[in-house]
Amino acid sequence: MHATATAAASLAFPPAAAVSWSEMVSHRGYLVRFAQRKLHDPMLAEDVVHDVFEAVIAGRASFGGRAALRSWLTAVLKNKIVDLVRQRAGHDSLDAQWLDDDGEAIGAAALECPQARPDEVAEQRQQLDRMLARIEALPTGLRDAMRLRVLHDQPTEQVCAALAITEDNLFVRLHRARKQLLS
């Protein structure tokens, strides 16, 4: 009975040497999709699947027949992905070197965040508050011109109609207001 069970197992699951290339490659699409979902990089996924096939052909991974071929290939692929992540974890650290626009190596500490730092945001708010207070301190004609045209971004024609002035007069008022704000 024991010999019969062994014979049946060998018929259901071929030994490692009997796994043909065509059987392995028939699972390639599934393996690549699986790797892409894990790695989020199509080219890297192809490379890892290639490494799986290479390991199987070279005999570094042997199919024992205890599972379906696809399950076994997926397990080998998972191990390859884990190895890759571990290998890259040592290389993609905060101390990694990048190249600037001139091709010079720079460390992660030298890279700047595109967002303003909290202290910069606070300073900008203070400057804005001071500028708004200075606009409010302008004479009425200049203040109204600045508010409507610059702060509220209303069209020139609309500002001129609201203030009952000509376009040339508006530009003179804006010029004078800016000059006073900069002094």
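Helices are DSSP runs of at least four residues, numbered from the N terminus. In the predicted model described here, tyrosine 30 and phenylalanine 34 both belong to one such element, helix H3, where four residues, or about one turn of the helix, separate them. The results below begin with the overall architecture and then turn to aromatic contacts, salt bridges and a surface patch.

The protein chain contains nine helices and two strands. Along the sequence these elements follow the order α-α-α-α-α-β-β-α-α-α-α. The chain has 183 residues, of which 25% count as buried. Its accessible surface amounts to about 13,100 Å², and carbon and sulfur atoms account for 54% of that area. When contacts between residues at least 6 apart in sequence are considered, 53% of them join residues at least 24 apart.

Two aromatic pairs were found in a search of the whole structure. One is formed by tryptophan 21 and phenylalanine 53, whose ring centres lie 5.6 Å apart; the planes meet at 70 degrees, so the pair is classed as edge-to-face. The cut-off behind this classification is an angle of over 60 degrees between the planes. Tryptophan 21 is located in helix H2 (residues 21-25) and phenylalanine 53 in helix H4, and the pair therefore ties together parts of the chain that are 32 residues apart in sequence. The two partners differ in their exposure to the surroundings: tryptophan 21 is partly exposed at 49% relative accessibility, whereas phenylalanine 53 is buried at 6%.

Tyrosine 30 and phenylalanine 34 form an aromatic pair with a tilted geometry, with 6.4 Å from centre to centre and 35 degrees between the planes. This contact lies within helix H3. Phenylalanine 34 is buried, having a relative accessible area of 9%, while tyrosine 30 is partly exposed at 24%. The limit that applies to this assignment is 20%, under which a residue counts as buried. The ring of tyrosine 30 has a further partner in arginine 70, whose charged end sits over the ring at 4.3 Å from its centre.

The search of the whole structure also identified six salt bridges. In one of them, the side chains of arginine 28 and glutamate 46 meet with an N to O distance of 2.5 Å. Arginine 28 is part of helix H3 (residues 28-39) and glutamate 46 is part of helix H4 (residues 42-58), so this salt bridge ties together parts that are 18 residues apart in sequence. Both ends of the bridge are partly exposed, arginine 28 with a relative accessible area of 33% and glutamate 46 with one of 30%. Helix H4 thus appears in two of the contacts described, through glutamate 46 and through phenylalanine 53.

Other salt bridges are centred on arginine 117. The side chain of arginine 117 meets that of aspartate 119 at 3.2 Å, N to O. Arginine 117 also forms a salt bridge with glutamate 120, and here the closest N and O atoms are 3.2 Å apart. Arg117, Asp119 and Glu120 are accordingly linked in a network of salt bridges. Each member of the network is partly exposed: the relative accessibility is 47% for arginine 117, 45% for aspartate 119 and 30% for glutamate 120.

A nonpolar patch is present on the surface, formed by Leu128, Leu132, Val150 and Leu151, which together have about 310 Å² of accessible area. Helix H6 (118-136) and helix H7 (140-151) are the elements that contribute two or more residues to this patch. Leucine 151, one of the patch residues, is found in helix H7 and is partly exposed at 42% relative accessibility.

Helix H6 also includes arginine 134, a partly exposed residue with a relative accessible area of 36%. Leaving aside residues up to four places away in sequence, arginine 134 touches Gln180, Leu181 and Ser183. The C-alpha atoms of arginine 134 and leucine 181 are separated by 6.7 Å, although the two residues are 47 residues apart along the chain.

Technical notes: Residues are numbered from 1 along each chain as its sequence is written. This is a predicted model: local features need pLDDT of at least 70, side-chain atom pairs count only at pLDDT 80 or more; totals for chains, interfaces and linings use all residues. Side-chain values use heavy atoms; hydrogens and water are left out. A salt bridge is a side-chain nitrogen of Lys or Arg within 4 Å of a carboxyl oxygen of Asp or Glu. Buried means under 20% relative accessible area, exposed over 50%, partly exposed in between (1.4 Å probe, protein chains only). Patches are made of residues with over 30% relative accessible area and no salt bridge: like charges are joined within 9 Å, nonpolar side chains (Val, Leu, Ile, Met, Phe, Trp, Tyr) within 5 Å. Accessible areas come from the Shrake-Rupley method with a 1.4 Å probe; for residues, only the protein chains shown count as cover. Contact means heavy atoms within 4.5 Å. Rings of Phe, Tyr and Trp (its six-membered ring) pair if their centres lie within 6.5 Å; planes under 30 degrees apart count as stacked, over 60 as edge-to-face and the rest as tilted. A charge sits over a ring if NZ of Lys or CZ of Arg is within 6 Å of the ring centre and within 35 degrees of the ring normal.
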